[in-house]
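Reader: Hello! I have a protein model open and would like a close look at a single part, the nonpolar patch on its surface. Could you walk me through it and say how it fits with the rest of the chain?

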Amino acid sequence: MAKIRVSYEYSEAEDKSIRLGLFLIFCGVLSLFILGFCWLSPTLQSLQSKPANCTVVSVLRPEEMFECVFTCGADCKGTSLYPCLQIFVNNSESNSVALLHFDEQQLVLNPKCSYVPPCERDNQKNKDSVLWWEDYFNKEVSRQIFTCFFNQQRRPDDVLWRRSHDTSVLLHCVLWPMVSLLLGTLIVLLTVCARSLAVRAEALQKRKCSYEASHDLYARAPDRHGNRASDPAGADSAPDPPPSSSSPTRSLPLFAVPVRRRDRDH
């Protein structure tokens, strides 16, 4: 029996679902690379710092001023000044004096100062913000032990007051790209499997119809003696009666006059 071929063409809805799945896969891979370079690497470096116990040794405010950039609109930018605040602490990991920084971002902005205020247009507002933190560390934290974060390999002379990134950032950087990637893969696999099952069902249906058609042709085909095979569907039906044959006696015409034998002799 010849092999039945079924066309394997996707419908419009199936094509759209496959495109959606491929788009989600592409977005998942792209976001994994972007978040990995932008957030995952700094987070891993931040998590490498070990917690330690710190105590304030001295709080200094040198006379040096630093510039910061402020924005006052879409096309409005400028620079202002703020004083430098230096907080030296003693950490329990290295048992040495180190400069305290609020977080990794402020350490990158100004590694010489402990605190970088939000840049304001007015220099006095920047100074007031720095003075508030100076007073806070002198009065509230000077005699207390607090937790700081220390990294001996990267910056042995600096400690952090808090981390900019924690494990939740690491979770989000990995979770959402993987969800997009798995969802797109699932959509593509389900669409392909559904189409494959539909093609198999169509092939089985065509094979069944072909088998029934060949069976009917075999049932109606005559044998070598010229007799047709008996049809099981019409076995119970009675055969048609044969046409009536004509009588052997000749029928007389309607207006025929019988002739007597005696008259015929004369």
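Author: Happy to; here is the patch, followed by the chain around it. Please keep in mind that this is a predicted model.

The patch is made by Leu32, Val174, Met178 and Leu182, and covers about 320 Å². Its largest share, three residues, comes from helix H4, which spans residues 167-220. Val174 is a good one to zoom in on. This valine is found in helix H4, and its relative accessible area is 36%. Val174 counts as partly exposed because that value lies between the 20% and 50% limits.

Now for the wider setting. The protein chain has five helices and seven strands, and from the N terminus on they follow the order α-β-β-β-β-β-α-α-β-β-α-α. The accessible surface of the whole chain comes to about 20,100 Å², with 57% of that belonging to carbon and sulfur atoms. Of the 266 residues, 26% are buried. Among contacts with a separation of 6 or more, 71% join residues 24 or more positions apart.

As for confidence, the mean pLDDT of the chain is 76, and 69% of its residues reach 70 or more. Among the elements, helix H3 (residues 123-139) has the highest mean, 91, while helix H5 (residues 261-265) has the lowest, 46. Residues 229-239 stay under 50, and the model gives them two contacts beyond four places in sequence. The pLDDT is also below 50 over residues 243-266, a stretch with one contact beyond near neighbours in sequence.

Terms used: Residues numbered from 1 in each chain as written. Predicted model: local features only at pLDDT ≥ 70, side-chain atom pairs only at ≥ 80, totals over all residues. Heavy atoms only, no water. pLDDT = per-residue confidence, 0-100. Helix = DSSP H or I, 4+ residues; strand = E, 2+ residues; numbered from the N terminus. Contact = heavy atoms within 4.5 Å. Buried < 20%, exposed > 50% of the residue type's maximum accessible area, 1.4 Å probe, protein only. Areas by Shrake-Rupley, 256 points an atom, 1.4 Å probe, with all protein chains shown as cover. Patch = residues over 30% accessible without salt bridge, like charges linked within 9 Å, V, L, I, M, F, W, Y side chains within 5 Å. Salt bridge = Lys/Arg side-chain N within 4 Å of Asp/Glu carboxyl O.
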